[in-house]
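Please open the structure in your viewer and keep the selection tool at hand. The tour below moves from one selection to the next and says what is to be found at each stop.

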There are 2 protein chains.
Amino acid sequence: MNDPLPSWRTGIAKSAVVDFVARVTKEGSSDFVAPTERIATFDNDGTLWCEQPMQVQLFFAQHRLKELAANDPTLRERQPYKAFLEDDMNTLAVLGKKVLFEIALATHANITTDEFDRMVRAWFSTTEHPKLGRPIAECVYRPQLELLSFLRENGFKNFIVSGGGVDFMRPFAEEVYGILPEQVIGSSVKTRFEMREGRGVLVKLPELGSFDDRDAKPENIFLHIGRRPVLAFGNSDGDLALLRYTTSGYTTSGPRPHLALLLHHDDAEREFAYDRDFRLSPLAEALDRAVDYGITVVSMKRDWHTVFPEPR
Amino acid sequence: MNDPLPSWRTGIAKSAVVDFVARVTKEGSSDFVAPTERIATFDNDGTLWCEQPMQVQLFFAQHRLKELAANDPTLRERQPYKAFLEDDMNTLAVLGKKVLFEIALATHANITTDEFDRMVRAWFSTTEHPKLGRPIAECVYRPQLELLSFLRENGFKNFIVSGGGVDFMRPFAEEVYGILPEQVIGSSVKTRFEMREGRGVLVKLPELGSFDDRDAKPENIFLHIGRRPVLAFGNSDGDLALLRYTTSGYTTSGPRPHLALLLHHDDAEREFAYDRDFRLSPLAEALDRAVDYGITVVSMKRDWHTVFPEPR
């Protein structure tokens, strides 16, 4: 049989994945999971694609802010916009994930969801990652593309459950990951339904709907999917609730089979090593307690043969 | 070819459905819609199943309230609980949809989502509709079961988009409609993730997340599905925004094919006739403006050969 995961090196992590899929898909086995219950959930930033030196969505927000600043030059003098426009990474880093996210949202407000979708698609198709120097679509992890396909071929339904903006991720997720828009869960702003020239549209509001991080991940999984996943893959403390929700499934005959995976960013050579850099990505608890929590750690350095896809 | 919709009488409504499906599934046709974009959205109460003399979920809330009143008899003296417990339909009718819904939510609060799921399944499997005198699973409309199957066989993905509680509808939707939990959108309460005895659970809070009616329907479609439906089926003014959102799709070559359907409850003999009874279900605008809005009205009396399924 062909190896379904050629970019994964032989070892504990790869075996855990391959064995799990074999167990839950084997009819008649006590670990069999019905196809409709084969829900796999993936964080996006730092799990499916690179999140350093800052999240891809923030590059997009920066691009959009430059367009806005062309009409409103006062943005260049006001923080945090100033830091964004000047690539002042130190100031941005101390602002924290949620504040950055809210700023990103504000720069997208008061346009229709149709307009926003066009904007995102145009940006993705023309932009290179400023630090990696490759198209955004090639900043995804090749081992994860293989894993998504492997799971799909085995009857799993893959979902993204990420802090990224839901409508920012969707166009990309469908094209690059093969994950349909209705299988993307993310942070969101509220929208308002309006009739404009006889046509029903949705306008994005500068008001947070859900910040899909930490405990909000299982909460949103319940709201959107309505089932506990059997597989979850994350990379930071922001994914701990997601991972622990996944390991907590029970059936009438006992604990349900599950697989919780945590990507360890320990590969400074091929990507970035920032596992203990609290400023960049707090994941100390997830790493320290992985064994207690039943989480399998995937080391980028040890477990991945290749990190990024070949240039297209 | 076998008639895929035997419970539908030959006429304008049936032709509209059959012709639409033929057009959008014909490869090479200018009206072709790719399978991933074949999103069909259905209201539930009054569209897929009977909502008279009150919504099915309210019978469940009443059942639950009786359990609670056994421990807290003061509920029997306080409105609106008193009216609920005494089957005082006149008082309940004037309270309105949203208040009733919030009361229903309050009676389900502070239990885990796993417990609530078990409660709902037990109730569905043992309860008859108090007025129709048949199991709840047989209070669905047979022509709609045929339509759901017909659409599914033609590559559509069916979603429920209803004011009913999302977690109340899911167990039933999967079993009776063949609609998976992740394809059910409804009203929701907030939940809180908690570790209980080492296990990650979600607790239902007595706090409204979304009341999925009127403008909230397209807003939630965007949040959950991320695509504009090509087909929508509703039965009241609460579905107007859903229907008009569906008729507003555009592609680069012009308006996108769509089908918006409105069920007209005009059959006092086989179900209920309440189309103009403002107290029961305001749908005056939807009926009066259907032609202007591009909505096809389906008359229960004229267009449906059979209303309910045969007893099982």
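**Where the two chains meet**

Begin with chain A and chain B shown together in this predicted model: the area buried between chain A and chain B is about 3400 Å², and carbon and sulfur atoms give 54% of it. Select Glu182(A), Phe193(A) and Phe222(A) next, since these are the residues of chain A that lose the most area to chain B, and together they make up 20% of what that side buries. If you then select everything in contact across the boundary, you will pick up 38 residues of chain A and 38 residues of chain B.

For the charged pairs, select Arg228(A) together with Asp114(B), which form a salt bridge whose closest N and O atoms are 2.9 Å apart. The count of salt bridges between chain A and chain B is 6, and the number of residue pairs in polar contact across this interface, with both residues at pLDDT 80 or more, is 21.

Which elements of chain A should be coloured to show the side that touches chain B? Helix H6 (113-126), strand S2 (157-165), helix H8 (166-177), strand S3 (184-196), strand S4 (199-210), helix H9 (216-224) and helix H10 (240-246) each supply at least two residues of that side. Coloured by residue type instead, the side of chain A that touches chain B divides into 15 nonpolar, 10 polar and 13 charged residues.

**The relation between the copies**

Now step back to view both chains: a rotation of 180°, with 0.0 Å of shift along its axis, superposes chain A on chain B with an RMSD of 0.0 Å. The two copies are thus related as by a two-fold rotation axis. To find that axis from within chain A, select His224(A), whose C-alpha is the nearest to the axis in that chain, at 3.3 Å from it. The copies meet through the same surface, because 100% of the interface residues of chain A are also interface residues in chain B.

**Chain A by itself**

Hide chain B and look at chain A, which has 13 helices and 9 strands. Its C-alpha atoms fill a box of roughly 65 × 50 × 35 Å along the principal axes. The radius of gyration of chain A is 20 Å, which agrees with the value near 20 Å that a compact globule of 312 residues would have.

Stay with chain A and select Lys217(A) and Asp239(A), a salt bridge in which the closest N and O atoms are 2.6 Å apart. Lys217(A) lies in helix H9 and Asp239(A) in the loop between strand S5 (231-234) and H10, so this pair ties together parts that are 22 residues apart in sequence. Over all chains, a search of the whole structure finds 43 salt bridges.

**Three stops along the backbone**

Most peptide bonds are trans, and most residues other than glycine have a negative phi. Against that background, select Gln52(A) and Pro53(A), which are joined by a cis peptide bond with omega near -5°; Pro53(A) is in the loop between strand S1 (39-42) and helix H2 (56-71). Then move to Gln79(A) and Pro80(A), where the peptide bond is also cis and omega is about 5°, with Pro80(A) in the loop between H2 and helix H3 (81-85). Finish at Glu197(A), a residue other than glycine whose phi is positive, near 50°, and which is placed in the loop between S3 and S4 of chain A.

Key
Residues are numbered from 1 along each chain as its sequence is written. Chains are lettered from A and ligands numbered from 1 in the order in which they are written. This is a predicted model: local features need pLDDT of at least 70, side-chain atom pairs count only at pLDDT 80 or more; totals for chains, interfaces and linings use all residues. Side-chain values use heavy atoms; hydrogens and water are left out. Contact means heavy atoms within 4.5 Å. Buried area is the accessible area (1.4 Å probe) that two parts lose on being put together, summed over both. A salt bridge is a side-chain nitrogen of Lys or Arg within 4 Å of a carboxyl oxygen of Asp or Glu. A polar contact is a pair of N or O atoms within 3.5 Å; within protein, one must be able to donate a hydrogen and the other to accept it, and residues adjacent in sequence count only if both atoms are side-chain atoms. Helices (H or I, at least four residues) and strands (E, at least two) are DSSP runs, numbered from the N terminus. Ala, Val, Leu, Ile, Met, Phe, Trp, Tyr, Cys and Pro count as nonpolar, Asp, Glu, Lys and Arg as charged, and the others, Gly among them, as polar. Copies are superposed by least squares on the C-alpha atoms of residues with pLDDT of at least 70 in both. The radius of gyration is taken over C-alpha atoms; the globule rule is 2.2 Å times the number of residues to the power 0.38.
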